[in-house]
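Reader: I would like a close look at a single part of this model. Please take the sheet, and then work outward to whatever else helps me place it.

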Amino acid sequence: MALVLHAGSGNKNAFKTLIAAEYSGVKVELAKDFQMGVSNKTPQFLKMNPIGKVPVLETPDGAVFESNAIARYVTRLKADNPLYGSSLIDYAHIEQWMDFATTEVDANTGKWLYPRMGFYPYAAVTEESAIAALKRAFGSLNTHLASNTFLVGHSVTLADIVLTCNLYLGFSRILTKSFTSEFPHVERYFWTMVNQPNFKKIIGDAKQTEAVPPVPKKAAPAKEQKPKEAKKEAPKEAPKPKVAEKPAEEEEAPKPKPKNPLDLLPPSKMILDDWKRLYSNTKTNFREVAIKGFWDMYDPEGYSLWFCDYKYNDENTVSFVTMNKVGGFLQRMDLCRKYAFGKMLVVGSEPPFKVKGLWLFRGSEIPKFVMDEVYDMELYEWTKVDLSDEAQKERVNAMIEDQEPFEGEALLDAKCFK
């Protein structure tokens, strides 16, 4: 029997298998008259995948579900398939980028898109987290693609197929030009891929969305009505005096949150938001404007400066993993945004990459609640800046400025917490 793929014709997860089949010379047919929500609920389909999800590949030896697994199966039907590279390390890198495409790109695109499509409840905090994670992923990808046409080697591999199909969902539904323009190498890569003949045969003409889908409007809650039966059965009681009634809002009023200890410190002449605004708005003459402005504002009585150095740099052998590690740390530091400013640098042109940082904290010490709640803190060696040492002050300047080279090495990435 021929290989039959059960999925809708526009399913981006089905595209992975169909494109891999084109490159591999394998015949795969789409199931005829497949209707999502109907075909995948039949007893015959549920025997192939009890969860009822698509796509599912029907083969002479049994069914296969999960889109990446299906694409792998079809690719391996051709011996020595170049889609899997030409060496063991190629194979490992292809698998690496397939995992990246799934966990970093597809997952975060879905967390942003699907609530706006009404598939899941919308939560602004969740959306902000997903967008931040997606930007970190695109930043890592952009760095890799700056010197590579394809993800692995010098031709299309299965990693390119999986990533492009995942990007296709984003580009076509939610990733507008204003988002993707920050990542020119990712843009170049995507349009190069979708215009390859084997991609275009399956996907057709790809177009980028011009707008982010709006947040679904919440339906007005229906007024609660007491059942008539309850009225009949409930014994009549004498009305209580109004003075004994307690307003609902008084009963539900939350207790005031305890103040953060940092809010109880003596006032400082340094206004942190003024510094963050100066940093963000200074585009030229950075040393003369922003750096000078920082030292004019800095209050050593109300704030303290700290260097941090990652303790386990030997682990930092993959650039995008290292940058994601830093991005995750900054995300977890969000609880102290009101009281801190930070710069994190990833240094080096070759692995292992070094991670170094500079932090400005309210108070004379690192806030205790940060040390207690952000587990990453213990992964770094923290050193208080000695302001009497001109060399240390110059190092502060260089880190704020993203000076390159930094301490004699290339600057792979720089992130700002503000």
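Author: What follows starts with the sheet, moves to the loops beside its strands, and ends with helices and cysteines.

The model is predicted. Keep that in mind throughout.

First, the sheet. Five strands build it, and it is open. Read across, the strand order is 8-5-7-6-9. The pairing is antiparallel. Strand 8 covers 380–384 and strand 9 covers 411–417. These two stand at the edges. Each has a single partner strand, so one side of each is left without a neighbour in the sheet. Neighbouring strands are turned against each other by 15° on average, direction ignored.

Now one edge in detail. Strand 9 pairs with strand 6, which spans residues 340–347. The sense is antiparallel, and the pairing runs over 6 bridges. One residue pair to look up is leucine 345 and alanine 414. Alanine 414, in strand 9, is the bridge partner of leucine 345.

Next, the loops. Strand 6 is joined to strand 7 (354–362) by a loop that holds proline 352. The peptide bond between proline 351 and proline 352 is cis. Its omega is about -5°.

The loop between helix 16 (390–401) and strand 9 holds proline 405. Here too there is a cis bond, from glutamate 404 to proline 405, with omega near 0°. Glutamate 407 sits in the loop between helix 16 and strand 9 as well. Its phi is near 50°, a positive value in a residue other than glycine. With a relative accessible area of 46%, glutamate 407 is partly exposed.

Away from the sheet, aspartate 33 also has a positive phi, near 55°, and is not a glycine. Look for aspartate 33 in the loop between strand 2 (28–30) and helix 2 (43–48). Aspartate 33 is exposed, at 75% relative accessible area.

Then the helices. Helix 1 (residues 12–24) meets helix 6 (residues 158–173). Their axes come within 9 Å and cross at roughly 145°. The crossing is right-handed. From helix 1, the contact takes in Lys12, Asn13, Phe15, Lys16, Ile19, Ala20 and Tyr23. From helix 6 come Leu158, Ile161, Val162, Cys165, Asn166, Tyr168 and Leu169. By class, the contact residues divide into 10 nonpolar, 2 polar and 2 charged.

Helix 5 (residues 124–145) contains serine 140. This serine 140 is buried, with a relative accessible area of 1%. What does serine 140 touch, not counting residues up to four places away in sequence? Serine 140 touches Phe320, Met323 and Asn324.

Last, the cysteines. How many disulfides does the structure hold? The number is 0. Take cysteine 308. The closest cysteine sulfur belongs to cysteine 336 and is 12 Å from the sulfur of cysteine 308, too far for a bond. A disulfide would need the two sulfur atoms within 2.5 Å. Cysteine 308 counts as buried, at 1% relative accessibility. Cysteine 165 is one of the helix 6 residues in the contact with helix 1. Cysteine 165 is buried too, with a relative accessible area of 0%.

Back to the part you asked for. Strand 9 stands at an edge of the sheet. Strand 9 pairs with strand 6. The loop between helix 16 and strand 9 has the cis bond at proline 405 and the positive phi at glutamate 407.

Methods:
Residues are numbered from 1 along each chain as its sequence is written. This is a predicted model: local features need pLDDT of at least 70, side-chain atom pairs count only at pLDDT 80 or more; totals for chains, interfaces and linings use all residues. Side-chain values use heavy atoms; hydrogens and water are left out. Two strands pair if DSSP finds at least two bridges between them. Helices (H or I, at least four residues) and strands (E, at least two) are DSSP runs, numbered from the N terminus. Axes are lines fitted to C-alpha atoms, for helices over the stretch in contact, and angles run from 0 to 180 degrees between N-to-C directions. Buried means under 20% relative accessible area, exposed over 50%, partly exposed in between (1.4 Å probe, protein chains only). A crossing is left-handed if the near helix is turned anticlockwise from the far one by less than a right angle, and right-handed if clockwise. Contact means heavy atoms within 4.5 Å. Ala, Val, Leu, Ile, Met, Phe, Trp, Tyr, Cys and Pro count as nonpolar, Asp, Glu, Lys and Arg as charged, and the others, Gly among them, as polar.
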